[in-house]
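Work through the exercises below with the coordinates open. Each task is followed by a stepwise solution.

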Amino acid sequence: MTFQQFLLILWARRKLALSVLGVTVMTTLVISLILPKEYTATTSLVIDVKSPDPIAGMVMQGMMAPGYMATQMDIINSDRVATRVVKLLGIDKNAEAIETWQDDGDGKGTIEGFYATLLQKKLDIKPSRESNVINVNFSAKDPQFAAAVANAFAQAYIDTSIELRVEPARQYSAWFEERQKGLRTALEKSQARLSAYQQDKGIVITDERIMDNETGRLNELTAQLAAAQAQKADASSRQKSGTSELSLEVLQNPLIQNLKSEIARSESKLAELNSNLGKNHPQVQQLEAQIQGQRQQLREEIARISGGAAVANKFGAVKQEELKAAIEEQKKRVLEIKSQRDELSVLVNDVETARRAYEAVGQRMTQSNLEGQSQQTNVLVLSPATEPVRHSRPKIFLNVLVSIFLGGMLGVGAALVLELGQRRIRSAEDLRLALDLPVLAELDSTLPPAARKSWRFWQKMPVDRAPKEVPLRDSNQQQPAVSEA
């Protein structure tokens, strides 16, 4: 079907198409005027997702998720919020509402759930594009009731948001409190074990000063032992040297040096007196006796020094043994203290670990308690709903426009359906297709009345009844011709 054929069909069936269009428009207009008017009230809510949490002090990552706004819309449209709206408006206590519920709902379920379902049907939630604003729309026949329900949904959503945030915090707080009790018991047991161990071992100071002091004492005893060993070796060497005047100790002794000097002076004086007075002179004999006494004193002093070396050698051996015993005892004490310190360190670490766990749980419990008592929310009412002045439905102008479009489509469809049921020849193309013959001539409106009458006859004839051959003659009737009109 060509566009020209389509236009010819529409023109031929114009009365039917216009009738269908008129009926559709008039029906829509009448229904729009008869339908009861509904008023829509809107409450705008803004959701803050960028401000940090006042208790945690940080921005919650869940609020930045792409599905956060969709989740909030689902919460607003949930049964929990709708049930709270019913309670806020007092519908569940209204006698008329209870009677309606018993009649329409047969008393099944709860009155809150019954009216919550009805309110949800009239609720429309629309988020603002590329913003954190959500519009809560509610439609009702009474404009005042529509505004009240819209504001009630906003308040119920805010209360529900607080509950959804507070309830888990309270549960966590209760769990942390139970956990804290167990950790406190563990901490007390760890501290008791530490105190008992300190009392058993007599440990007063838990730092490393005692260990450092004992280690320093061990080092000091080791140094004393080394010095005693050196002194013993020196005494042993002096003892082996005997009474030799060439020994180092004898040579370095000042008394012996003085005695040797006095003996040397006396011998020099004796030699001088011998040459002057002779051997038998009393002064010479007296000086000889003095020299003998000095030599005897020298020998005694050398012997005393040699005896002191032996005594020093014996004393050094005894001291060395005592120092060795003291060092061994000190080593045992140092090892014992080290073992005690290691075990004490384990007990102290147990106490510190238990204390850290107890403090961490205490901090979390305090934070959960604060969150459980908080009444703050990130949802604010941007603009509350007011009583609408104009009705939102029915939209007469829009309905008429839609009815014009639909009526036009129905009229065209009815014309085409009727045309397909009763096909007519409305152009030369239709005749050519029906007869499967070429068109040799077309008759226009300048034909005489008889020819125009014949043309209207053929135009009204159905396609399936058109003859296959139509003999036509020209005005001179010289030869037959086949024509299609």
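**Exercise 1.** Which residues form a nonpolar patch on the surface, and about how much accessible area do they have together?

Solution. The model is predicted: local features need pLDDT of at least 70, side-chain atom pairs count only at pLDDT 80 or more, and totals for chains, interfaces and linings use all residues. Residues are numbered from 1 along each chain as its sequence is written, and side-chain values use heavy atoms, with hydrogens and water left out.

Step 1. Apply the patch criterion: over 30% relative accessible area, no salt bridge, and nonpolar side chains (Val, Leu, Ile, Met, Phe, Trp, Tyr) joined within 5 Å. Areas follow the Shrake-Rupley method with a 1.4 Å probe, and for residues only the protein chains shown count as cover.

Step 2. The patch consists of Leu398, Val402, Phe405, Leu406 and Met409, with about 490 Å² of accessible area together.

Step 3. Locate Met409: helix H12, residues 396-421 (helices are DSSP runs of H or I, at least four residues; strands are runs of E, at least two; both are numbered from the N terminus). Met409 counts as exposed because its relative accessibility is 52% (buried is under 20%, exposed over 50%, partly exposed in between).

**Exercise 2.** Describe the largest nonpolar core and the surroundings of one of its residues.

Solution. Step 1. A nonpolar core is a set of buried Ala, Val, Leu, Ile, Met, Phe, Trp, Tyr and Cys residues joined through side-chain atoms within 4.5 Å. The largest has 40 residues, and Ile47, Val85, Phe138 and Phe153 have the most contacts inside it.

Step 2. Elements that each supply at least two residues include strand S1 (39-47), helix H4 (79-89) and helix H7 (143-201). H7 gives the largest share, 12 residues.

Step 3. Beyond neighbours within four places in sequence, Val85 is in contact (heavy atoms within 4.5 Å) with Leu119, Val149, Ala152, Phe153 and Ala156.

**Exercise 3.** Where do the partners of the Arg84 and Glu163 salt bridge lie?

Solution. Step 1. A salt bridge is a side-chain nitrogen of Lys or Arg within 4 Å of a carboxyl oxygen of Asp or Glu. The structure holds 9 of them.

Step 2. For Arg84 and Glu163, the N to O distance is 2.2 Å. Arg84 is in helix H4 and Glu163 in helix H7, so the pair ties together parts 79 residues apart in sequence.

Step 3. Arg84 is partly exposed at 22% relative accessibility, as is Glu163 at 25%.

Step 4. For contrast in placement, take Arg355 and Glu352, which meet at 3.0 Å, N to O. These two are 3 residues apart in helix H11 (residues 282-373), about one helical turn.

Methods
Patch = residues over 30% accessible without salt bridge, like charges linked within 9 Å, V, L, I, M, F, W, Y side chains within 5 Å. Buried < 20%, exposed > 50% of the residue type's maximum accessible area, 1.4 Å probe, protein only.
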